[in-house]
Amino acid sequence: MVKLYENGVYLVDGTIIVEDNGQAQMPISKEEATKNTIAYGILEAHNTSGNMDNLQIKFDKMTSHDITFVGIIQTARASGLEKFPIPYVLTNCHNSLCAVGGTINEDDHMFGLSCAKKYGGVYVPPHQAVIHQYAREMLAAGGKMILGSDSHTRYGALGTMAMGEGGPELVKQLLCQTYDIKRPKVIAIYLDGEAPKGVGPQDVALALIGATFKNGYVNNSVMEFVGPGVSKLSADFRIGVDVMTTETTCLSSIWRTDAEIEEFYAIHGRLGDYKELNPGPVTYYDGMVYLNLSEMKPMIAMPFHPSNTYTIEEVNANLEDVLHDVEKRALVSLDGAVDYSLQDKIVNGKFYVEQGIIAGCAGGGYENICAAADIIKGKYIGADEFTFSVYPASTPIYMELIKNGAAQTLLQSGAILKTAFCGPCFGAGDTPANNAFSIRHSTRNFPNREGSKLQNGQISSVALMDARSIAATAANKGFLTPATDYDTEYSGKKYTFDSKIYENRVFDSKGVANPDVEIKMGPNIKDWPAMSPLPQNLILKVVSEIHDPVTTTDELIPSGETSSYRSNPLGLAEFALSRKDPAYVGRAKEVQKAQKAIEADTCPVEAFPELKPVMETICSKFEGVGKGNVGVGSTIFAVKPGDGSAREQAASCQKVLGGWANIANEYATKRYRSNLINWGMLPFLTDEDHEALSFKNGDYIFVPDVRDAVANKDAVIKAYVVDGADMREVEFRLGEMTDDEREIILKGCLINYNRR
């Protein structure tokens with residue numbers, strides 16, 4: 001079904017695969033063939049450095065939603081923002097319910113509308129569209145690049161190279177700076193064959209994620225979709241696969257384009273934005289994933305990660321074994337905080353689930369929902385525990401479902417149709433009952449991602465599936481069923497886009513700023529606190545230690561219930577690590593007392609007496625360390641932090657609580673590491689085995705002359721664990737960093753850097 005090549009490959013005429021085993025004879029050099037990828041051409045067109053090995057990218061457009069745009073604009077305003085230099089779309093699809101937090105959510109929306117007017121942006125009101133569907137319908141264009149502050153910013157199927165990053169990277173673009181990266185590897189995703197009836201985009205996506213996530217095959221690379229199988233897929237199908245590439249930890253994605261994509265642009269009244277994209281006659285890729293669509297089967301990603309994949313057929317055939325495996329994983333993911341068992345889901349030898357949801361940027365597409373309606377037509381979900389909710393990704397899609405009768409079919413079955421909303425994807429909508437099991441065509445199934453609160457003794461489970469198999473399960477009244485079990489005649493209803501829905505409701509400044517507009521600042525919208533530059537010497541206290549194989553951004557700062565505080569840095573920080581280490585915030589604040597005393601030019605030892613013996617040991621070994629050249633802060637250790645969301649708050653919350661660094665064996669994504677750097681935090685790497693670390697939670701680590709080490713680009717940074725009167729040497733690395741990134745850390749954060 002899926003094959004990963006061990007070496008690079010040449011692709012000849014778009015269909016002939018030649019592995020680079022040292023024997024391949026090609027009419028052009030590998031270096032020239034590398035330039036023939038679609039990705040290379042787009043990156044070259046947007047690179048301003050003049051050096052294709054070290055890219056400095058300027059994007060064509062940007063997009064953010066209402067959990068991220070307040071912080072981004074506040075940061076840019078603090079750095080001198082006067083006008084949005086490129087089209088910037090502010091959608092309202094995460095906090096759109098305005099159901100909790102008093103006036104906070106709608107205050108954020110009004111902030112966004114006033115900023116779109118003042119700085120020349122686009123404002124999409126709540127319930128109109130989820131961020132990525134609006135971008136597909138109105139922003140994407142062939143050969144262009146879009147930067148978004150949501151990790152699932154992926155429009156490669158439409159010929160647009162898009163990237164999801166933390167807010168500070170968008171701030172840089174707003175300030176006419178660049179996105180600086182090494183030229184990424186390009187991995188071909190070669191699609192062959194044709195998907196069987198009943199197999200949908202989520203099935204293909206989960207197969208890809210299962211094959212590539214754990215081995216890091218496409219980590220921080222561009223996935224380039226090629227091969228004859230691409231043309232056998234509709235535009236909606238390609239979009240559904242593309243949006244899930246984020247879960248492989250790739251940097252971005254791009255697809256070859258054809259008449260299907262041309263028709264998509266024509267339907268949306270933007271034919272001029274279509275561009276045919278293909279690899280060159282001889283193209284070199286750094287690797288290849290071969291996927292035969294004809295062999296695909298309905299898939300399921302069991303808790304607690306999109307890479308924990310099986311065919312539904314496998315799960316049903318080996319039910320007890322699979323559920324026991326999930327329970328074992330829960331011991332790690334949930335830290336034993338709650339009793340977790342799935343055995344009650346086995347009913348008469350079948351797997352019973354309590355909830356089905358089709359939603360958001362992954363599931364809420366037109367074809368997915370129409371297919372679900374075709375499967376469930378004339379059937380009923382029943383009057384027991386099972387519930388079924390469907391969220392069309394935009395109001396234009398919703399309108400078409402009403403026109404063609406699909407909405408009526410779904411409602412008659414017992415399903416509930418809701419407006420465009422991202423809530424089920426991040427724990428702010430349709431939270432299941434305790435111990436319930438939910439199947440979702442959405443993006444992620446991390447622990448607590450569905451909205452339960454582990455710290456309150458709650459837990460429910462999410463598995464990812466395609467809309468078609470969710471509808472089949474709904475038709476079977478909650479018993480897990482692949483769509484291929486039903487011989488459905490899919491209607492293939494044609495889509496018509498109603499542009500007036502947006503024309504009559506979306507505010508579009510057409511790029512014209514109005515500086516006279518006063519920004520509406522609700523009482524919860526707070527400025528970032530002042531942040532100090534990196535001191536010459538640094539004392540770190542380890543205040544949390546996480547040994548899970550991977551730590552998600554949801555565990556660093558929870559989604560869902562925290563969404564109302566995203567415009568309040570200090571308020572949000574109270575939730576940091578609350579699901580993984582509830583004592584973290586208190587520990588970090590205690591350490592921060594010392595740094596605040598230093599900044600107030602008072603004695604840190606008096607503010608934080610625990611520091612006194614530590615300082616005495618340090619001063620006995622290092623002369624001259626003291627007032628004016630030392631800082632004190634906290635750090636956390638995690639094996640591989642940062643998988644998942646682009647949310648910058650996973651880093652900024654640590655920073656506003658006095659964090660100076662993270663220590664890790666590796667960072668799961670570039671975007672999390674970038675967030676650390678942009679908030680002035682040292683992204684330390686250690687080669688020590690996480691089971692046998694030379695430091696532990698509660699230990700103090702002294703990093704002498706750290707400022708010089710950063711400025712001088714030292715490959716190794718020596719540090720010392722303070723152990724009573726003794727000090728044990730340890731070594732850290734910072735990895736590759738640009739000169740600007742080093743300067744940001746030296747200044748203390750991106751805001752300070754831009755005030756230079």
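## Gln74 and its surroundings

In this predicted model, Gln74 touches several residues that lie beyond its neighbours within four places in sequence: Phe111, Met521, Ile525, Lys526, Asp527 and Trp528. Gln74 itself belongs to helix H3, which spans residues 69-78. Its relative accessibility is 4%, and Gln74 therefore counts as buried, since the cut-off for that class is under 20% relative accessible area.

## Two helices that cross, and one that is covered

Helix H8 comprises residues 235-242, and helix H9 comprises residues 259-267. Their axes come within 9 Å and cross at roughly 95°. This angle makes H8 roughly perpendicular to H9, because angles of 65 to 115 degrees are placed in that class. On the side of H8, the contact is made by Ala235, Arg238 and Ile239; on the side of H9, it is made by Glu260, Ile261 and Phe264. Sorted by character, the residues of this contact comprise 4 nonpolar and 2 charged ones, with no polar residue. A general property of helices is useful when reading such lists: an α-helix has 3.6 residues a turn, so residues three or four places apart point the same way.

Helix H17, residues 467-475, is mostly covered, with 9 of its 9 residues buried. The buried residues of H17 are Ala467, Arg468, Ser469, Ile470, Ala471, Ala472, Thr473, Ala474 and Ala475. After H17 comes Lys477, which has a positive phi, near 55°.

## An open sheet of six strands

One open sheet contains 6 strands in the order E9-E8-E5-E6-E7-E25, and its pairing is mixed. At its edges stand strand E9 (161-164) and strand E25 (507-508); each has a single partner strand, so one side of each is left without a neighbour in the sheet. In general, strands of a sheet pair through backbone hydrogen bonds, either parallel or antiparallel.

The pairing of E25 can be followed at the level of residues. Strand E7, residues 122-124, pairs with E25 in the antiparallel sense over 2 bridges. Here Val122 stands opposite Asp508 of E25. At the other edge, helix H2 (residues 38-46) lies across strand E8 (145-148) and E9, and runs at about 75° to E9.

## An open sheet of three strands

A further open sheet has 3 strands in the order E3-E2-E14, with antiparallel pairing. Strand E3 (16-19) and strand E14 (282-285) are the edge strands, and each of them pairs on one side only. From one strand to the next, the twist averages 25°.

Strand E2, residues 9-12, runs antiparallel to E3, and 4 bridges join the two. Within this pairing, Val9 has Glu19 of E3 as its bridge partner.

## Salt bridges

The structure holds 34 salt bridges. One of them joins the side chains of Lys510 and Asp508, with an N to O distance of 3.5 Å. Asp508 is also the residue of E25 that stands opposite Val122. How do the two members of this salt bridge stand with respect to accessibility, buried or exposed? Lys510 counts as exposed, at 68% relative accessibility, whereas Asp508 is partly exposed, with a relative accessible area of 36%.

A salt bridge also joins the side chains of Asp601 and Lys627, at 3.3 Å from N to O. This pair links distant parts of the chain, 26 residues apart. Asp601 lies in the loop between helix H21 (584-599) and helix H22 (604-607), while Lys627 lies in the loop between helix H23 (612-621) and strand E28 (630-638). Asp601 is exposed, with a relative accessible area of 54%, and Lys627 counts as exposed at 75% relative accessibility.

Lys718 forms a salt bridge with Glu731, and their closest N and O atoms are 3.3 Å apart. Because Lys718 lies in strand E33 (residues 717-723) and Glu731 in strand E34 (residues 726-732), the pair ties together parts that are 13 residues apart in sequence. Lys718 is partly exposed, with a relative accessible area of 38%, and Glu731 is partly exposed, with 43%. Finally, Asp344, Lys345 and Glu354 are linked in a network of salt bridges.

How values were computed:
Residues are numbered from 1 along each chain as its sequence is written. This is a predicted model: local features need pLDDT of at least 70, side-chain atom pairs count only at pLDDT 80 or more; totals for chains, interfaces and linings use all residues. Side-chain values use heavy atoms; hydrogens and water are left out. Axes are lines fitted to C-alpha atoms, for helices over the stretch in contact, and angles run from 0 to 180 degrees between N-to-C directions. Angles under 35 degrees count as roughly parallel, over 145 as roughly antiparallel, 65 to 115 as roughly perpendicular and the rest as oblique. Contact means heavy atoms within 4.5 Å. Ala, Val, Leu, Ile, Met, Phe, Trp, Tyr, Cys and Pro count as nonpolar, Asp, Glu, Lys and Arg as charged, and the others, Gly among them, as polar. Buried means under 20% relative accessible area, exposed over 50%, partly exposed in between (1.4 Å probe, protein chains only). Two strands pair if DSSP finds at least two bridges between them. A salt bridge is a side-chain nitrogen of Lys or Arg within 4 Å of a carboxyl oxygen of Asp or Glu.
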